[in-house]
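Trainee: I am new to this one. Can we go through it step by step?
Mentor: Yes. Have a look at it, then ask away.

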Amino acid sequence: MITYKSEREIALMRQAGHIAMLAHEAIRKAIKPGVSTKELDKIAYDVITSHGATPSFLNYNGYPASICASINEVVIHGIPSKKQILKDGDIISIDIGANYKGYHGDCARTWPCGNVKSDRLKLIEVTEQSFFEGLKYARPGNRLSDISCAIETYVKQYHYGVVRDFTGHGVGSHLHEDPAVPNYGVAGEGPILRKGMTLAIEPMINMGTHRVKILSDGWTTVTIDHMPSAHYENSILITDDGYEILTKIKENE
Ligand code: MF3
Ligand code: CO
């Protein structure tokens, strides 16, 4: 069931989204060779809790950390560990959720660590831009799959793999709500977008094949060809005439 949020709920989601992005900003500044993903997890936990929120992912379906930290061929759901140390040339996808007074903000970014090869930087840039290509279709009256189709169409030009086994989702008082938001498909399908819908749009893009597998820890999701992957996510609101991004660093950006 899709829920349409009230002004009160939207205000809480803006706060949640802002807090999650503050945690992203703190992590971005800490990324360098030699840092462990466990240290990054601690940074996010501290930022989120010091702003009166809780990490949305911690204990969600048994997930054991505050963030997902996914290096290189890890697509999503990398579990932070003190044994996982960033090296020069890595790329790392960080996914963060914050729960503020019962409402979630969910956002992901991929960052380069040190000197990163240009093909990896291109993957990061195209993944980010694919989110914004989809966002162009986020307005009342359009269909959900208009967003999905725009993401896939943009990414296909670069011959990257669009992950199909995971999707974006509605977001609100639950981290995952209806509808699922695929990053592929034909336009003109799915629910009609309406004012008050809140969606987490999150392209996961692989340099090689779109195919992924989940490791034996039950979380870590990797590309089957070991090629790198990037992730970009914001939580957004459908407004009267378009969209508002809820996961922003500055409150009036
Ligand atoms: N942003 C991810 C998602 O939207 C993170 C979920 S990780 C989990 O699904 F641990 F919370 F499952
Ligand atoms: Co999400």
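Trainee: Which residue in strand 9 is the bridge partner of G170?
Mentor: Keep in mind that this is a predicted model. Strand 7 (residues 168–170) and strand 9 pair in the antiparallel sense, over two bridges. On the strand 9 side, G170 has as its bridge partner L199.

Trainee: Which residue of strand 14 is the bridge partner of L199?
Mentor: Strand 9 and strand 14 also run antiparallel, joined by four bridges. Within strand 14, the partner of L199 is I236.

Trainee: Which residue points the other way from strand 9 along with L199, and is it buried or exposed?
Mentor: Strand 9 covers residues 198–201. T198 and A200 point one way, and all four residues, including L199, are buried. The residue that shares the side of L199 is also buried: I201.

Trainee: Which residues coordinate the cobalt ion (ligand 2)?
Mentor: The donors sit at 2.1 to 2.2 Å. Their spacing in sequence is D-x62-H-x32-E-x30-E. They are D106 (OD), H169 (NE2), E202 (OE) and E233 (OE).

Trainee: How many residues apart are D106 and E233?
Mentor: D106 lies in strand 5 (residues 103–112). E233 lies in the loop between strand 13 (229–231) and strand 14 (234–238). Both residues are buried. This pair links distant parts of the chain, and the separation is 127 residues.

Trainee: What kind of aromatic pair do F131 and F132 form?
Mentor: The structure has six aromatic pairs. In this one the ring centres are 4.9 Å apart and the planes stand at 85°. Planes over 60 degrees apart fall in one class, so the pair is edge-to-face.

Trainee: Is F132 buried or partly exposed?
Mentor: Take its partner F131 for contrast: at 0% relative accessible area, F131 is buried. Buried means under 20%. F132 has 26% relative accessibility, so F132 counts as partly exposed.

Trainee: How many residues apart in sequence are the parts that F132 and Y232 tie together?
Mentor: Their ring centres are 5.9 Å apart with planes at 50°, so the pair is tilted. F132 is in helix 3 (residues 118–135), while Y232 is in the loop between strand 13 and strand 14. Y232 counts as buried, at 7% relative accessibility. The parts tied together are apart in sequence by 100 residues.

Trainee: Which residues do ring pairs link into a cluster?
Mentor: F132 pairs with F131. F132 also pairs with Y232. The cluster is therefore F131, F132 and Y232.

How values were computed: Residues numbered from 1 in each chain as written. Chains lettered and ligands numbered in written order. Predicted model: local features only at pLDDT ≥ 70, side-chain atom pairs only at ≥ 80, totals over all residues. Heavy atoms only, no water. Donors = N, O, S within 2.8 Å, 3.2 Å for Na, K, Ca; no water. Buried < 20%, exposed > 50% of the residue type's maximum accessible area, 1.4 Å probe, protein only. Phe/Tyr/Trp six-rings, centres within 6.5 Å; stacked < 30°, edge-to-face > 60°. Pairing = 2+ DSSP bridges.
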